[in-house]
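User: Please walk me through the packing and sheet layout of this model. Keep the answers short.

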Amino acid sequence: MAGSPVDCLPGIGPKRAAALRAAGVGRVEDLLFHLPLRYEDKRSAVPLSAAGGRRLYRVRVTSVSQGRSGRGGRLHRLVALAEDEAGTVVALCWFNQRFRARSVEAGRCYHCFGEALLQRPGQRSSPAGLQIDNPELTMAPEGTLEPGPHIGRMVPVYRRGGGVGSTVIRTALYWLVNQTSFVAGETAAAGALRSHGFPHRGELFRGIHCPPQCCDPALLNSGRSIWH
């Protein structure tokens, strides 16, 4: 399958395949070597009290409002007030993303990924002390957070390939490396690598594009994991 064209993968039709080919990614093997720029830790949600850097939170939206902001009111602004299980309140804010209003509903629970920052005194735009600008938002059903292409794991972030975004590339690679039939052909160096304790080639690609839950985020993001 490594030599197959990329349009055999889910989510990659003729137009996206042509864009990827123009960027030098024409075969499945080329896409396997399209390595992540970085990884985002979305393995589990943390409380808002643990805010620091970009983190994953589970919140319930309590209200949604729209308005204008910026000089002369040029920016459309959507604000969703939400709270975690401990009752800590956060303002989720999107700018010039009107379409978001159709997917944010009061009373529903969501997984929210972004950087929660303290609002400055005297400049608060909501009753919340914390604010996350332009967060990623996905529905959060009750129960365990199941791993998927975009959540529940160390999520790889890819550079665009000929205009094809990270989300499309991530979906295709997640599907590929999690197939039971996924095999990546070995190279002439396979024996030497194995003698030094390295996994087989297919496991290396699987570890890079879909790291196990116990992996060390620092090693992944510095490119020093065994798979790298």
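**Core, helix and sheet**

Analyst: Leaving aside neighbours within four places in sequence, Ile 12 is in contact (heavy atoms within 4.5 Å) with Val 6, Asp 7, Ala 17, Leu 20, Leu 31, Val 168 and Ala 172. This is a predicted model: local features need pLDDT of at least 70, side-chain atom pairs count only at pLDDT 80 or more, and totals for chains, interfaces and linings use all residues. Residues are numbered from 1 along each chain as its sequence is written, and side-chain values use heavy atoms, with hydrogens and water left out.

User: Which element gives the most to the largest nonpolar core?

Analyst: A nonpolar core is a set of buried Ala, Val, Leu, Ile, Met, Phe, Trp, Tyr and Cys residues joined through side-chain atoms within 4.5 Å. Buried means under 20% relative accessible area (1.4 Å probe, protein chains only). The largest core has 22 residues, and Ile 12, Leu 31 and Leu 32 have the most contacts inside it. With 7 residues, the top contributor is α3.

User: Why is α3 described as largely enclosed, and what do its buried residues pack against?

Analyst: Helices (H or I, at least four residues) and strands (E, at least two) are DSSP runs, numbered from the N terminus. In α3, 9 of the 12 residues are buried, so the rest of the structure largely encloses it. Those buried residues pack against α1 (14-22), α2 (28-32), β9 (154-157) and α5 (201-209).

User: Which strands are the edges of the open sheet?

Analyst: Strands pair if DSSP finds at least two bridges between them. The 7 strands run β6-β7-β4-β3-β2-β5-β8, with mixed pairing. Each edge strand pairs on one side only: β6 (117-118) and β8 (136-139).

Note on methods: Buried means under 20% relative accessible area, exposed over 50%, partly exposed in between (1.4 Å probe, protein chains only).
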